[in-house]
Amino acid sequence: MNRTIYFNPKKENALRHFSNTLLRYIRKTKKDSQTLVLVCIGTDRATGDCLGPLVGHYLAESLPSDFPLVYGSLSKPVHAANLIQTIEMIDQTIASPYMIVIDACLGCAEHVGYVTVSNRPLEPGKGVHKDLPSLGHLSITGIVDQYGSENYHTIQNTHLNEVVKLADFIAGGITDLISYHRF
């Protein structure tokens, strides 16, 4: 069953609930033979779209050194121009990848500032009408701003403070998960 769960980072125990939900989804769907890979999508050239690279940057700083499979960071972003090549490289170098994909998204006003976890693939670039392949076994999004008629403009002018808070929450939850569980 496809399901998306929303998390309000401001609520008490939200981080623990987020990590536990990820753990539950991974345990249900990941095979022992699969290698966990995190793909953090976005660019540092648009404030609203830098969520993925920020998460990748935070993860690179906080994850154990034996967990190198994070793609996308501030120094090496994964974005529309190199997404297909990155997926091909992952498929060529990892026998059986289990991808968790992280990206920013736009949503309704009452969900701005929330994080979602879904057990279905992510559709990167959909909000700005890009035609990119769906990917991932699980997807995590940070709702950085409100969806509207000028999505490209909105992504360019999103408040960095909101994006940083969401990236910190997502990276913190993933770090907690990986620190206590081996995949």
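How many aromatic pairs does a search of the whole structure find? The search turns up two. Keep in mind that this is a predicted model.

**The aromatic pairs**

Start with F7 and F18. Their ring centres sit 5.5 Å apart and the planes meet at 85°, so this pair counts as edge-to-face, given that anything over 60 degrees does. The pair links distant parts of the chain: F7 belongs to strand β1 (residues 4–7) and F18 to helix α1 (residues 14–29), with their positions 11 residues apart.

F18 also pairs with F169. Here the ring centres are 5.2 Å apart and the planes are at 45°, so the pair is tilted. Since F18 is in helix α1 and F169 in helix α5 (residues 160–180), this pair ties together parts that are 151 residues apart in sequence. Put together, F7, F18 and F169 make one aromatic cluster.

Are these three rings on buried or exposed residues? Each one is buried, because its relative accessible area is under the 20% cut-off. Here are the values:

| Residue | Relative accessible area |
|---|---|
| F7 | 2% |
| F18 | 0% |
| F169 | 8% |

**Helix α1**

Now for the helix that carries F18. With 16 residues at 1.5 Å a residue, α1 should span 22 Å, and its end C-alpha atoms are 23 Å apart, which agrees. The buried residues of α1 are A14, F18, S19, T21, L22, L23, Y25 and I26. An α-helix has 3.6 residues a turn, so residues three or four places apart point the same way. F18, L22 and I26 are among the buried residues here.

What covers the buried residues of α1? The cover includes strands β1, β4 (97–107), β5 (115–118) and β6 (138–146), along with helix α5.

**The cavity**

Rolling a probe the size of a water molecule over the atoms shows where empty space is left. In this model the count comes to one cavity of 30 Å³ or more, and the largest cavity holds about 30 Å³ of space.

Its lining is made up of L22, I26, L36, L38, I100, I140, I174, L177 and I178. L22 and I26 are also on the list of buried α1 residues. Helix α1, strand β2 (35–40) and helix α5 each supply at least two residues of this lining, and α5 gives the most, with three. As for chemistry, the lining of the largest cavity has nine nonpolar residues, no polar ones and no charged ones.

Technical notes: Residues numbered from 1 in each chain as written. Predicted model: local features only at pLDDT ≥ 70, side-chain atom pairs only at ≥ 80, totals over all residues. Heavy atoms only, no water. Phe/Tyr/Trp six-rings, centres within 6.5 Å; stacked < 30°, edge-to-face > 60°. Helix = DSSP H or I, 4+ residues; strand = E, 2+ residues; numbered from the N terminus. Buried < 20%, exposed > 50% of the residue type's maximum accessible area, 1.4 Å probe, protein only. Expected span 1.5 Å × (residues − 1). Contact = heavy atoms within 4.5 Å. 1 Å grid on protein atoms, 1.4 Å probe; cavity = no way out; pocket = protein on both sides within 12 Å on 5 of 7 lines; lining within 4 Å. Points joined across faces, edges and corners; volume = space filled by probe spheres on them. Nonpolar A, V, L, I, M, F, W, Y, C, P; charged D, E, K, R; others polar.
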